[in-house]
Amino acid sequence: MKIRIGLGSCGIAAGALKVMEVLKTELDSHNLKLEIQQTGCIGMCHNEPLLDIIEDNGQTFTYGKITEKIIIAIIKQHVLEGKLVEKHLVNSCANPNDFLAEQVRVALRNCGIIDPEQIGHYIDRGGYEALKKAITMSSEGIIEEIKTSGLRGRGGAGFPTWFKWNATRNNPGEIKHIVCNADEGDPGAFMDRSVLESDPHSVLEGMAIAGYAIGAAEGIIYCRAEYPLAIRRLEIAIKQAKEKGLLGSNILGSPFAFDIRIKQGAGAFVCGEETALIASLEGERGMPRLKPPFPAQSGYWGEPTNINNVETFANVPWIIAEGGKAFAAMGSQTSKGTKVFALAGKINRGGLVEVPMGLSLKDVIYKIGGGIKENRNFKAVQLGGPSGGCIPAALLDTPVEYESITATGAIMGSGGMVVMDETTCMVDVARFFLDFTQKESCGKCVQCRIGTKRMLEILERICNGEGQPGDIELLHEIALKVGEGSLCGLGQSAPNPVLTTIRYFQEEYEAHINEKKCPAMQCKALITYRIDPDKCKSCSICAKKCPVNCIKGEKKKPYVIDQNECIKCGNCMEVCPTKFNAVIVE
Amino acid sequence: MLCKCEKEDQNQAADSPDLSMLDEVLDEYRSQAGSLVTVLQKAQDLYGYLPLTILRHIAEEMNIKPAQVYGVATFYTQFRLTPVGKYIIHLCQGTACHVNSSEPIETALIQELKIKPGETTPDKLFTLTNVACLGCCSLAPVMMINGQAYGPLNPNKAVSIVKDFYAGEQQASEGGENA
Ligand SMILES: Cc1cc2nc3c(=O)[nH]c(=O)nc-3n(C[C@H](O)[C@H](O)[C@H](O)COP(=O)(O)O)c2cc1C
Ligand code: SF4
Ligand code: SF4
Ligand code: SF4
Ligand code: FES
Ligand code: FES
């Protein structure tokens, strides 16, 4: 029997390190010598911290939301007496969890299973077999295999991967480069981070195969500095791969040489754009430039460079090992294979999800995600982050595949999927994304730099109850100009969140502008919290919980909110006992 | 550019940084083309922020125009040109946190600390910064203080966590005085 604990960033944030400590002391106190293995994320973020008990026959039992008390129970009942602690069991072979059962794991094949800091674990699960196979193939053969698989870039645009590889390979140049884009800028997405933290070797192996196919001797991983754990695990993985002769010169005894190094980003969303990323790699301000020439023609130091996303690379070893046909057998007509999503927002079971392309949004949100928190009504799902859009309930049957998602006005993006319910204000969401893009615009193009600012001003005034007739039309007009006049994807797609919310939720805009009302009760300027004097029983709970102490009152008299001080956080409404329900929002 | 730096430099004269701390880094990267971002990152690790004297030193040593160094340092949000507090509060304003009401948390923290995001309290204890997604969206809304994540928050919890840090500091300093 062994015990496994999920130590991804989000497990750690939920307290997994503490769990590890308690577990060790508990085992010691029972004089039990069990192996404790660390692992990355299985993706069940909503159940973190997680703990697996793996029996000698391989059966795995996963316990969730672990606390000190639960550990003690697990050791006493499960480990010592062999009885399951049913109440906290979240997954077992006999009783598979819906969240995991509906998934198909290719890119995440090892996540939450292996110890990412031990290359042996990766190799035991077939790791580096694909590289072994690849160096016996011709580079055309590899590119052909990728073409058969139908793999498209997972970084957002969905460009066929084989095409970029082929172009980089055929373009003239002595030296060529492979770059892995691990800048993951979408604020609300963490697929790439989880892959790097949980299975770094799959990315290294994918890069090495690409290097062989293209004729590059060096790979660079451009990783967000905000991901310290991912960087640390990558460093360990690179070192171990070198020791085993899987990176470096004479890989696996062949003449093929390939090295990988890490470069940390410095916090700029636009550096996810490939030409900006290259500028940043060269130590410059990360500002995009006009394409062509494409990086495949003239990239890092002017040499042919192939840039792919983390998830794209993680799929490559699987494709080479299992064959392009097996990958193409999954998914839909135009979008092959699987896609990883980071499911978050007002969802019951948030986390990391990998599904075959073509599954409907509804299945992802309801079957896997378990529907909306607190039984509220679904309003929209946001795909593609600041470059994407909000898809309404009426379109929930849309399959997740590049073309169908684009047809809704959103984009597939890199995999951020944020679910919104009736308490989310769509005008506020548009404002939120515009605020983001406006701050992240590099400033090179007038339309992007000034246009997003003007759009943000309009959205801010609508949210403040100062919207004017004609604002919606004006937003439309500027949006088109910004889209047309921008050099890179940031500006070109910045209007998407605004355009999709206008398209599907125009009545919400109109309520803000014409009636000065926020139907979702979110826009601070348009709502007030008030205590109903007839219902208030002067229990003082709200006054104690008000973060700015602006509720005053005394015994037997109804409490009153000082409207000048109130920050409209809604805390009072939440804490006022349901039997009184004295706080009202208007 | 010079005149502006010189003026600001006078304010910084009080804690003029030890330039030699950077020697090792400069020796390693001086000859590597394209390593400016990396050098700035290492310098910030060493000094906690990037004082203008350091920027000028890097420019001189790496033979890059000061304006270019300054340009790069101000382009990326990771680089700070002013000192930070002992506790850096990274308040998540990513999409998942936003839809789970992270804004009132910001307002509450602003009222409690009496500083705006990007600023540091006068006692140099807290720096408040907004970040986009800490990657623990299922704990949304989240903040991170010196590497430790807290969530799910509400304004009240956030304020009381900060107050706990503050109380801990006061106790430590009182304890120190008694000892
Ligand atoms: C503003 C902007 C931000 C981007 N951010 C990312 C990112 O964080 N990660 C990523 O893989 N691709 C990002 N991209 C897409 C990349 O430019 C590029 O298309 C991608 O890395 C190519 O890899 P793929 O073909 O494997 O998808 C971004 C593009 C734009 C315009
Ligand atoms: S579109 Fe915006 S981000 Fe892109 S190059 Fe132009 S100004 Fe910069
Ligand atoms: S909404 Fe928040 S700030 Fe306003 S009275 Fe209620 S608890 Fe206090
Ligand atoms: S919690 Fe409700 S009942 Fe109690 S004092 Fe506040 S408003 Fe009145
Ligand atoms: S389980 Fe690690 S990302 Fe959530
Ligand atoms: S959006 Fe806040 S942690 Fe992801």
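Tutor: Strands pair when DSSP finds at least two bridges between them, and strands (E, at least two residues) and helices (H or I, at least four) are DSSP runs numbered from the N terminus. The model is predicted, so local features need pLDDT of at least 70 and side-chain atom pairs pLDDT 80 or more, while totals for chains, interfaces and linings use all residues. Residues are numbered from 1 along each chain as its sequence is written, chains are lettered from A and ligands numbered from 1 in the order written, and side-chain values use heavy atoms, without hydrogens and water.

Student: In what order do the four strands of the open sheet in chain B run?

Tutor: The pairing in this sheet is mixed. Neighbouring strands twist by 25° on average. Going across the sheet, the order is E2-E1-E3-E4.

Student: Why is one side of E2 and of E4 in chain B left without a neighbour in the sheet?

Tutor: Look at strand E2 (126-131) and strand E4 (148-150) of chain B. One side of each has no neighbour because each has a single partner strand, which puts both strands at the edges.

Student: Which residue in E4(B) stands opposite Met143(B)?

Tutor: Start with strand E3 (residues 143-145) of chain B, which pairs with E4(B) in the antiparallel sense over three bridges. Opposite Met143(B), in E4(B), is Tyr150(B).

Student: At what angle does helix H7 of chain B run to E1(B)?

Tutor: Helix H7 (residues 103-113) lies across E1 (87-92), E2 and E3 of chain B; contact here means heavy atoms within 4.5 Å. Angles run from 0 to 180 degrees between N-to-C directions, with axes fitted to C-alpha atoms (for helices, over the stretch in contact). To E1(B), H7 runs at about 155°.

Student: Over in chain A, which are the edge strands of the five-strand open sheet?

Tutor: That sheet has the order E2-E1-E3-E4-E5, with mixed pairing. Strands that pair on one side only are the edge strands, here E2 (35-39) and E5 (89-92) of chain A.

Student: And which residue in E5(A) is opposite Thr62(A)?

Tutor: Strand E4 (residues 60-63) of chain A and E5(A) are antiparallel partners, with three bridges. Thr62(A) faces a residue of E5(A), namely Asn91(A).

Student: What angle does helix H3 of chain A make to E3(A)?

Tutor: Helix H2 (residues 16-29) lies across E1 (2-6), E2 and E3 (51-54) of chain A, at about 160° to E1(A). Helix H3 (residues 68-81) lies across E3 and E4 of chain A, and to E3(A) it runs at about 20°.

Student: What is omega for the peptide bond from Lys291(A) to Pro292(A)?

Tutor: Most peptide bonds are trans. The one from Lys291(A) to Pro292(A) is cis, and Pro292(A) sits in the loop between helix H12 (274-281) and strand E9 (305-309) of chain A. Its omega is near -5°.

Student: Which residue does a cis peptide bond join to Gly151(B)?

Tutor: The partner lies in the loop between E4 and helix H8 (155-178) of chain B. With omega about -5°, the bond joins Gly151(B) to Pro152(B).

Student: How many nonpolar residues are in the shell around ligand 3?

Tutor: Of the 14 residues around ligand 3, Cys546(A), Cys566(A), Cys569(A), Gly570(A) and Cys572(A) come nearest (near means a heavy atom within 4 Å). Ala, Val, Leu, Ile, Met, Phe, Trp, Tyr, Cys and Pro count as nonpolar, Asp, Glu, Lys and Arg as charged, and the others, Gly among them, as polar. The shell has two polar residues and one charged, and the nonpolar number 11.
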